[in-house]
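Colleague: Please take a close look at one helix and what surrounds it. I would like the cut-offs stated along the way.

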Amino acid sequence: ISNYELEPLNIEENKEKNEKKEKIEDDDEAIMSESLFQYCLDKDMENIIYYILNQGYDPFKAIYASLSCRKYNFCIILLERFDAILSQKFKAKNSRGQTLIHILCNRRNDENNKFLIEKIYSILTKRINININQFDNYKHTPLYYAVLNNNFTLIDLLTDDMDKNKYYLFLEKDKKNNNNFSPLMLLYHKINSSSGNELGIILFA
């Protein structure tokens with residue numbers, strides 16, 4: 001009888017161990033896939049990248065990685081390939097609460113790729129309809145990152161898509177982040193630097 005009573009417990013213990021083992025294996029596989037995808041992206045190994053995507057690699061992660069390492073051409077290819085069927089998924093946020101527009105804005109100004117950046121921004125905002133005023137976990141909006149990085153192209157695009165009254169939007173109290181800074185306050189600190197003058201011209205023209 002004692003053996004019969006213990007057997008279900010052993011089954012449950014084995015089941016729990018197997019589930020933990022499977023989870024670890026799944027996590028390891030996910031990390032390996034991300035590392036392989038990132039390596040191929042860095043090396044412009046397009047054939048292998050497409051193979052990884054065809055094997056079910058998450059398109060959101062693929063676009064996130066492409067934006068993060070400024071592979072703008074490839075990012076556009078992915079967006080145009082998947083946006084019709086995965087537009088809702090592309091509105092997702094990463095572990096920091098950031099949308100794809102946050103990631104796009106959190107890069108230094110790149111005049112050489114201005115056309116590509118404008119096209120990506122247009123797809124994200126007009127076709128996928130990502131809200132440009134969303135906060136991340138640090139209470140930063142995409143505009144805050146654009147100002148922080150002197151990203152003149154995206155500052156111009158973001159402010160044009162906001163209310164026509166740019167000044168009011170910059171002064172809104174609820175636009176402050178966790179450090180009690182708004183984009184306007186950040187600009188004020190930058191205005192005394194060499195890059196700040198150009199930012200001021202763009203924002204207050």
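Modeller: Helix α3 and its surroundings

Seven of the ten residues of helix α3 (residues 59–68) are buried, so this helix is largely enclosed by the rest of the structure. Buried means under 20% relative accessible area, exposed over 50%, and partly exposed in between, with a 1.4 Å probe and protein chains only. Helices (H or I, at least four residues) and strands (E, at least two) are DSSP runs, numbered from the N terminus. This is a predicted model, in which local features need pLDDT of at least 70 and side-chain atom pairs count only at pLDDT 80 or more, while totals for chains, interfaces and linings use all residues. Residues are numbered from 1 along each chain as its sequence is written, and side-chain values use heavy atoms, with hydrogens and water left out.

The buried residues of α3 are P59, F60, A62, I63, A65, S66 and L67. At the start of the helix, a side-chain oxygen of D58 comes to within 2.9 Å of the backbone nitrogen of F60; a polar contact is a pair of N or O atoms within 3.5 Å, where within protein one must be able to donate a hydrogen and the other to accept it, and residues adjacent in sequence count only if both atoms are side-chain atoms. Just after α3, R70 has a positive phi of about 60°.

L67 links the helix to several other parts of the chain. Setting aside neighbours within four places in sequence, L67 is in contact (heavy atoms within 4.5 Å) with Y72, C75, L100, I103, L104, R107 and I120. L67 is also among the residues with the most contacts inside the largest nonpolar core, along with F37, L79, L104, I120 and L124. That core has 42 residues; a nonpolar core is a set of buried Ala, Val, Leu, Ile, Met, Phe, Trp, Tyr and Cys residues joined through side-chain atoms within 4.5 Å. The elements giving two or more residues to this core are α1 (2–42), α2 (46–54), α3, α4 (72–86), α5 (100–105), α6 (114–127), α7 (142–148) and α8 (152–161). The most comes from α4, with seven residues.

As for the chain as a whole, there are eleven helices and zero strands. Buried residues make up 40% of its 205 residues. Of the contacts between residues at least 6 apart in sequence, 69% join residues at least 24 apart.
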